[in-house]
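Let's walk through this one together, starting with how a few helices pack and ending with the empty spaces. Have the 3D view open and follow along.

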2 protein chains.
Amino acid sequence: MKKAPTIRDVAAAAGVSVSVVSRVLNPDSGPVAPAKREQVLNVISELGYRPRAAARELSAGHALTVGLVVTDLANPFFAQLADRVVWEARSHGVQVVVMTTQEDPHLEAESLDTLLDRSVGGVIATPTGGNVEKWDRLRDLGVHVVFVDRAIAELSDVDVVSIENSDSARRATDHLIALGHERIALITGPASTSTGRSRIGGYRAALESASLSLDPMLVRDVPFRGDGGGDAVGSLLASPDAPTGLIVANTAQVQSSVRRLVQMGVRIPDDLSVIVFDDNPWTELTSPPLSVIRQPIGMLAVHSLELVLGRMQGRLPAGARTIEVKADFVPRSSCVAPVGLVASKSVTG
Amino acid sequence: MKKAPTIRDVAAAAGVSVSVVSRVLNPDSGPVAPAKREQVLNVISELGYRPRAAARELSAGHALTVGLVVTDLANPFFAQLADRVVWEARSHGVQVVVMTTQEDPHLEAESLDTLLDRSVGGVIATPTGGNVEKWDRLRDLGVHVVFVDRAIAELSDVDVVSIENSDSARRATDHLIALGHERIALITGPASTSTGRSRIGGYRAALESASLSLDPMLVRDVPFRGDGGGDAVGSLLASPDAPTGLIVANTAQVQSSVRRLVQMGVRIPDDLSVIVFDDNPWTELTSPPLSVIRQPIGMLAVHSLELVLGRMQGRLPAGARTIEVKADFVPRSSCVAPVGLVASKSVTG
DNA sequence: TTACCGAGTGGAACCGGTTCCACTTTTGTA
DNA sequence: TACAAAAGTGGAACCGGTTCCACTCGGTAA
């Protein structure tokens, strides 16, 4: 087991001082005679020298690293987000430390502490909603934070990148209304989250435009974790006044919801028209392929990273920025006009 | 923007030397009087002091970090693997830096250099197959490497964690043979990879046991990237002598393959019995639900991390270890006996 | 000729931990 | 009571970079 060469080894081998080597390593940090620069570069490649990140961080006070804090990578939405963030980060020479929270504020707090220890330059996170003081402290210590997908009301001065939640929910609802549906159920995220509220807002707005009344029984805000989606499906369809249309706007609950529909033998779209948020690859492999709201995950990743790196390099004006990207509605075969005029029938389990 | 307290701030506030604080931070590194320990701990929590990771790494020479190098996180297999690795790592106080290679040895090489700069203690990787010298150099520099899912023939002295590839392929093939299939196609990974070879081996063994001949036309080893799975499906089914059974043993190509089957209107299992490797959550949402080989991803993650941490802490005997975990065959509804006795019929596109 | 400027260079302090070592205080044992 | 061993403590070097500063040159303007 060899020992990797250090900057002093390079300096010695090149017959110069460490200062010169450092200046070669960091152009713009001072002048170096062209001849010596050449010479140093030669020695560097000869020795296979690579500067130790830890040393640089220690003296710089912060690392060329960003933290990515998401619920879990098993969720395809976050997996794809992480994939793009990692990919984009690489092209900027930045590394990504991934942490998961399982939607647990306690684990989230732990993650933030860890990232602080690592002196990360920035954090891209889907916040659980808690830890308001902790986020504040993090920012106070100079860590640049960008929230993606969700925001926290108490932290209004944080950059946020998300999709147009309200508009997306509205378009999905409009689509079902246009087909003639009047009883449209919505399974969404907790009303305590910005995402949940916005999507309910869009849903409500669509109903109002169509002069349809909003039946609170049809709106289910369920947690991101657990099997709330499936349970909501069960309870919605068990009702004598069951909906003819369903929008699953909680990306974490789509699989659970669809699984329950399949288990219950619900025929889509004959028994129920369905639209789900987030275009997981499998949504077109089900039968019928599902109509979806496609979140431009790549855009979310690119903008988040752009923001966080921009802040780290101080090339962004002060003041929080909010970026909302448009989501596409992708119609497939899971929606048709409701059967009969009166939207009421039972579904056999 | 405040400045975080350092160990010297703590020492000063507690009226002791930095040595004492350091010993409190690292038990077993020396004695501390109980009273002073208490006192230091109080000051630490009062000040909210947290040791800077960079400083520790610099003096230790290596970081409490492991690198995870996979193809891409958009692949559910790797996403779940990463999820579990991150989760397990946290419980050991270790952070995970994720890098993706897109199956490109050049990008892989870059990732390894980066991880070297970061002085990671270990690397868990699904190697592309290239960069033999680079992996050697990494190990030579004291970085502990564990390959997961795949191995590299030239690097026989590296720890490997994988599933029983040969056995898994054999069981899938046996299942179809038992149903009466005689023309069974196999879509697998490149024959240049350990995984690809093992799975072909298991397939061949099953056929031999049943005294069936192996038709080379039915074995398609396709790259992990691209749309090779779909293309293979198309070409297999276009043959006048099309198979009645199909095993997709290239996890990266399952989606592509199934998508093509759906597009071609192939009726499963009537036209074709199908078994795919890897139990993605959506495999039971298709109609019919697909029979799968379920890879115990959690086990792969746990063992990989266990190995790499064990090496880092020097509590594992020398000598490469190979761990093979059993994969389950999960029968669902995508396999039936072939129609007719002579296995030959065309499928309409 | 002298004064001054900028390019080029090396020495040394610094970042914030860990660790070795010398030193003082207890404690234990003969 | 005497003396060795162990417990407890602080000083300072060290890890490998960055950066400030002082210094030496050559060239140019006064």
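Before we look at helix packing, a word on axes: they are lines fitted to C-alpha atoms, for helices over the stretch in contact, and angles run from 0 to 180 degrees between N-to-C directions. Helices (H or I, at least four residues) and strands (E, at least two) are DSSP runs, numbered from the N terminus. What you have on screen is a predicted model, in which local features need pLDDT of at least 70 and side-chain atom pairs count only at pLDDT 80 or more, while totals for chains, interfaces and linings use all residues. Residues are numbered from 1 along each chain as its sequence is written, chains are lettered from A and ligands numbered from 1 in the order in which they are written, and side-chain values use heavy atoms, with hydrogens and water left out.

Start in chain A. Here H6(A) and helix H7 (residues 132–140) pack at an angle of about 10°, their axes 10 Å apart. That makes H6(A) roughly parallel to H7(A), a label for angles under 35 degrees (over 145 counts as roughly antiparallel, 65 to 115 as roughly perpendicular and the rest as oblique). On the H6(A) side you'll find Glu108(A), Ala109(A), Leu112(A), Asp113(A) and Leu116(A), and they meet Lys134(A), Trp135(A), Arg137(A) and Leu138(A) of H7(A); contact here means heavy atoms within 4.5 Å. Sorted by class, the contact of H6(A) with H7(A) has five nonpolar, no polar and four charged residues. For these classes, Ala, Val, Leu, Ile, Met, Phe, Trp, Tyr, Cys and Pro count as nonpolar, Asp, Glu, Lys and Arg as charged, and the others, Gly among them, as polar.

Now hop over to chain B. The axes of H1(B) and H2(B) come within 8 Å and cross at roughly 110°, which means that H1(B) is roughly perpendicular to H2(B). Ile7(B), Arg8(B), Val10(B) and Ala11(B) of H1(B) make this contact with Val18(B), Val21(B), Ser22(B) and Leu25(B) of H2(B). The class count is six nonpolar, one polar and one charged.

H2(B) also packs against helix H3 (residues 34–47) of chain B: their axes come within 10 Å and cross at roughly 85°. So H2(B) is roughly perpendicular to H3(B). From H2(B) come Val20(B), Val21(B), Arg23(B), Val24(B) and Leu25(B), and from H3(B) come Arg37(B), Val40(B), Leu41(B) and Ile44(B). Seven of the residues in the contact of H2(B) with H3(B) are nonpolar, none polar and two charged.

How do the two chains relate? A turn of 180° and a shift of 0.1 Å along the axis lays chain B on chain A with an RMSD of 0.2 Å (superposed by least squares on the C-alpha atoms of residues with pLDDT of at least 70 in both copies). The two copies are thus related as by a two-fold rotation axis. The same surface serves both copies, as 100% of the contact residues of chain B recur in chain A.

On to the empty spaces. On a 1 Å grid over the protein atoms alone, a cavity is a set of points where a 1.4 Å probe fits but cannot get out, and a pocket is an open set with protein on both sides within 12 Å along at least five of seven lines; lining residues have an atom within 4 Å of a point. Grid points are joined across faces, edges and corners, and a volume is the space filled by probe spheres set on the points.

The largest pocket has a volume of about 1000 Å³. It is lined by 38 residues, and closest to its centre are Ala4(A), Pro5(A), Arg52(A), Gly61(B) and Ser119(B). H4(A) supplies the largest share of this lining, five residues. The second largest pocket has a volume of about 890 Å³. Of its 35 lining residues, Gly61(A), Ser119(A), Ala4(B), Arg50(B) and Arg52(B) are the closest to the centre.

Finally, the structure holds six cavities of 30 Å³ or more. The largest cavity encloses about 160 Å³, and of its 16 lining residues Ala74(A), Pro76(A), Ala74(B), Pro76(B) and Pro281(B) lie nearest the centre. Its lining divides into twelve nonpolar, four polar and no charged residues.
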